[in-house]
Amino acid sequence: MSESSIQPASPSDKADRPFDIVLYGATGFTGGLVAEYLMRNLPEGGSWAVAGRNRTKLDALVARLASEMPDVPAPGVVVADTEDARSLVEMALSARVVITTVGPYLEHGEPLVAACAEVGTDYVDLTGEPEFVDRMYLEHNDAAVASGARIVHACGFDSVPHDMGVFYTMKHVPEGVPAVVYGAVHADARFSGGTFHSAIGQFARLREAAKTAARRRQKEGRVAGRRIKSVTGKPHHDSALGRWLVPLPTIDPQVILRSAAALDSYGPDFTYSHYASVGSPVTAVAGIVGVGALAAGSQVGPIRSQILKRIDRGAGPSESRRARSSFDVTFVALSGGRRVVTRVSGGDPGYTETSMMLAESALCLAFDDLPTLSGQLTTAQAMGDALLERVQRGGLTFEVLSS
């Protein structure tokens, strides 16, 4: 059968696939954490598999999981390679949901998105790369809508705490009135080498990313009858939070705005700003200078290569270091004359919580009763309350500080 002759799967066909979830990139550091989480938390009767290009490493992973959890059925094994499009299609056809931890996604991600969009397989990843997300929308959203696939990017620290945090916050503000919301992120953790490599890659492609974003805006158009916008604030001291806030140029505001555009519950006029939260003006200035230096250095090939050599994209911190790590995101919403403050908090954001959030996103798509949607979706849009409940059970805390 040629790839062009493969037909999208109906819901009944998808139910007959051998695996509920396939984890691609399982032998990497983050992939291994996701595998351990799935091994412990897959519902009874569920089926899953680990996937990658090296059968020997996959078999070793399965053997380790089986030895650590002998009372739990071991996962299956699927061999697939990003360089072999046919193998990705076959992998997608074997699963109802595919998880991928293989990044940077601009380099390695598109073939798997294309395969899942073609055959109607739901897809989740860890990307924090705006250009990748926009390109996948332009190239594969229409196919995913036609096939019934749900393509959900940014299912780790980028951007579940932020997207679901605003989703949670909007439940506590007056309905049907304008809302101005800002989020302030604080983390005490070591972030992944993969995240660092992705960030440097994005800095090196700022012009290309801007052009791709403009193409997406043109294709999407404006939200009819509602106003959704982002405001890039200025560094300042927030007296209410007692912290210095610095604008944070991540993918999170984009995800939040897309959720706001898709969900009428965010009101007729929604504005969002996104910040890093730091304790002193010295730290704020150092952060601004450091990011600026990385962005400038990333524009020069030799300098970019030297920067990337300093951090191994596949390495991660020890379990003890992860146990000492934490994060919180505080949201302030001004709406209908009220001021609501909420917070999302958890442990190690880059690895422990990210692997939980990614796995729970896949479990949610595979097993929960969700809205009938397809195409490229955000976590709040695709999974909403079901994912909110899952990540709280997984260990994140969502709380109202004042209202």
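# A tour from the cavity outward

Start by selecting Y24, T82, T100, V102, Y105, H108, G109 and L112, the residues that line the largest cavity. A cavity here is a set of points, on a 1 Å grid over the protein atoms alone, where a 1.4 Å probe fits but cannot get out, and lining residues have an atom within 4 Å of such a point. The structure holds 1 cavity of 30 Å³ or more, and the volume of the largest is about 40 Å³. Grid points are joined across faces, edges and corners, and a volume is the space filled by probe spheres set on the points. By class, the lining has 4 nonpolar, 4 polar and no charged residues. In this scheme Ala, Val, Leu, Ile, Met, Phe, Trp, Tyr, Cys and Pro are nonpolar, Asp, Glu, Lys and Arg are charged, and the others, Gly among them, are polar.

The model is predicted: local features need pLDDT of at least 70, side-chain atom pairs count only at pLDDT 80 or more, and totals for chains, interfaces and linings use all residues. Residues are numbered from 1 along each chain as its sequence is written, and side-chain values use heavy atoms, with hydrogens and water left out.

**The whole chain**

Zoom out to the full protein chain, which has 17 helices and 15 strands. These are DSSP runs numbered from the N terminus: helices are H or I with at least four residues, strands are E with at least two. Of the 403 residues, 50% are buried, meaning under 20% relative accessible area, while exposed is over 50% and partly exposed lies in between (1.4 Å probe, protein chains only). The chain exposes about 17,600 Å², and carbon and sulfur atoms supply 52% of that area. Accessible areas come from the Shrake-Rupley method with a 1.4 Å probe; for residues, only the protein chains shown count as cover. Among contacts (heavy atoms within 4.5 Å) between residues at least 6 apart in sequence, 80% join residues at least 24 apart.

**Backbone exceptions**

Most residues other than glycine have a negative phi, and most peptide bonds are trans. Select G103 and P104: the peptide bond between them is cis, with omega about -5°. P104 sits in the loop between β4 (95-100) and α5 (105-108).

Next, go to the loop between β6 (150-152) and α8 (160-169), where S159 is found. The peptide bond from D158 to S159 is cis, with omega near 5°. A154 lies in the loop between β6 and α8 too. A154 is not a glycine, yet its phi is positive, about 60°. A154 counts as buried because its relative accessibility is 1%.

**Strand β12 and its neighbours**

Which strand comes next? Select β12 (residues 326-335): 7 of its 10 residues are buried, so the strand is largely enclosed by the rest of the structure. Two strands pair if DSSP finds at least two bridges between them. β12 pairs with β7 (residues 179-188) in the antiparallel sense over 10 bridges, and one of the bridge partnerships links V180 to L334. β12 also runs antiparallel to β13 (residues 338-346), to which 9 bridges join it; V332 has V341 as its bridge partner there. In the hairpin of β12 and β13, 2 residues separate the strands, and G336 takes a positive phi near 55°.

**Strands β9, β10 and β11**

Move to β9 (residues 236-238) and β10 (residues 243-247), antiparallel strands joined by 3 bridges. Show H236 with L245, its bridge partner in β10. Their hairpin has 4 residues between the strands, with G242 at a positive phi near 70°. β10 is joined to β11 by 4 bridges, again antiparallel, and W244 has V278 of β11 as its bridge partner.

**Three helices**

What are the buried residues of helix α11 (residues 252-262)? Select D252, P253, V255, I256, L257, S259 and A260. They pack against α8, β8 (227-230), β11 (269-278) and α16 (379-382).

In helix α17 (residues 384-393), pick R390. R390 counts as buried at 11% relative accessibility. Leaving aside neighbours within four places in sequence, R390 is in contact with E360, L363, C364, F367 and D368.

Finish at E208 in helix α10 (residues 206-220). E208 is partly exposed, with a relative accessible area of 34%. Draw a distance from its C-alpha atom to that of E131: the two residues are 77 apart along the chain, and the atoms are separated by 7.8 Å.

Conventions. 1 Å grid on protein atoms, 1.4 Å probe; cavity = no way out; pocket = protein on both sides within 12 Å on 5 of 7 lines; lining within 4 Å.
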